[in-house]
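Here are my notes for when you open the file. Keep the viewer next to you and click along as you read.

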Amino acid sequence: MQAFLSPGSLVTVAGAVLTVIGSIAYVTDSPNISLAGVFYGVPILLGGLALKSSELPPAERLTPVAQLRDLRQLPENEPLRKLLADVTRWRYGQKAHLESSLEALKLWDEDSPPQLLAVEELEASGGYGLRLTIECQGVPFERWQDRQDRLGRFFGPGLSADLQQAGPGRLTLSLLPAPASSDPSLAAPVP
């Protein structure tokens, strides 16, 4: 049902309906309706088909929207909230979700780009996090591991990345609040 309600599908259906109405009006000799139907319907139909050809569906959301709403809305969780909103919407003209981010992190393969399959919200140690399930046939797991430290910082301040191999060609990337530092030299001085 979600694929039918995509913007590309809605524009295509609207264009098809206008074209059919215009064609029927033309056959029944109703020039006022046929003119509008054909002149507007055909371009809208073609535009909708163009959108459908470059459509990237949203990643599957595994956590119900209402489940972690209060935690998600905290100001410190804004980077992850924006990331979640970005990957759970329809995209057009891209090969994969997070395309520019993965290119910047040098985790991109033009022939077989990593595909975000699912996103899950997490509560970890009282903080908010996301777990991304990624199919990465063209980018070896070792390259992801080499950039693990940078991954957390890239998606937001105070985040750490945890990588787990979830099968051949598949991994889970958990973006979680970074653990508090236990280094005594970073502690506030005692007056």
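**Notes on the model**

1. Start with threonine 133, which is buried, with a relative accessible area of 17%. The cut-off for calling a residue buried is under 20%, so threonine 133 makes it into that group. Do remember as you go that this is a predicted model.

2. Where is threonine 133 placed? Look in strand S5, which runs over 127-135. Leaving aside residues up to four places away in sequence, threonine 133 touches Gln115, Leu116, Leu117 and Ala118, and also Arg170, Leu171 and Thr172. Strand S4 covers 115-124 and strand S7 covers 170-177, if you want to colour those stretches too. As a distance check, try serine 160: 27 residues separate it from threonine 133 in sequence, and the two C-alpha atoms are 16 Å apart in space.

3. Next, have a look at helix H4, residues 78-87. Which of its residues are buried? They are Leu80, Leu83, Leu84 and Val87. Turn the model until you look down the axis of H4: these buried residues fall within an arc of 100°, so they line one face of the helix.

4. Helix H7 (residues 148-155) is worth the same treatment, with Leu151, Gly152 and Phe155 as its buried residues. Their arc around the axis is only 90°, which puts them on the same side of H7. On the face turned away from that buried side you'll find the exposed residues Asp149 and Arg153. And what covers the buried residues of H7? The cover includes H4, helix H5 (99-104) and helix H6 (141-146), along with strand S6 (159-167) and strand S7.

5. Stay at the end of H7 for the rings. A pair of aromatic rings is described by the distance of the centres and the angle of the planes. The structure holds one aromatic pair, made by phenylalanine 154 and phenylalanine 155. The rings sit edge-to-face, 5.3 Å from centre to centre, with 85° between the planes. How exposed is each partner? Phenylalanine 154 is partly exposed, at a relative accessible area of 33%, whereas phenylalanine 155 counts as buried, at 12%.

6. Now for the empty space. Rolling a probe the size of a water molecule over the atoms shows where empty space is left. The largest pocket has about 160 Å³ of space and a lining of 13 residues. Nearest its centre lie Glu76, Asn77, Tyr128, Leu159 and Pro177. Which elements give two or more residues to this lining? Those are H4 and strand S5, both of which you have already met. Sorted by class, the lining has eight nonpolar, four polar and one charged residues.

7. Last, two backbone spots to check. Leucine 98 has a phi near 60°, a positive value in a residue other than glycine, and lysine 106 also has a phi near 60°. Leucine 98 is in the loop between strand S3 (91-92) and H5, while lysine 106 is in the loop between H5 and strand S4. Are they buried or exposed? Leucine 98 counts as buried, at 10% relative accessibility, and lysine 106 counts as exposed, at 54%.

Definitions and conventions. Residues numbered from 1 in each chain as written. Predicted model: local features only at pLDDT ≥ 70, side-chain atom pairs only at ≥ 80, totals over all residues. Heavy atoms only, no water. Buried < 20%, exposed > 50% of the residue type's maximum accessible area, 1.4 Å probe, protein only. Helix = DSSP H or I, 4+ residues; strand = E, 2+ residues; numbered from the N terminus. Arc of directions from axis to C-beta. Phe/Tyr/Trp six-rings, centres within 6.5 Å; stacked < 30°, edge-to-face > 60°. 1 Å grid on protein atoms, 1.4 Å probe; cavity = no way out; pocket = protein on both sides within 12 Å on 5 of 7 lines; lining within 4 Å. Points joined across faces, edges and corners; volume = space filled by probe spheres on them. Nonpolar A, V, L, I, M, F, W, Y, C, P; charged D, E, K, R; others polar. Contact = heavy atoms within 4.5 Å.
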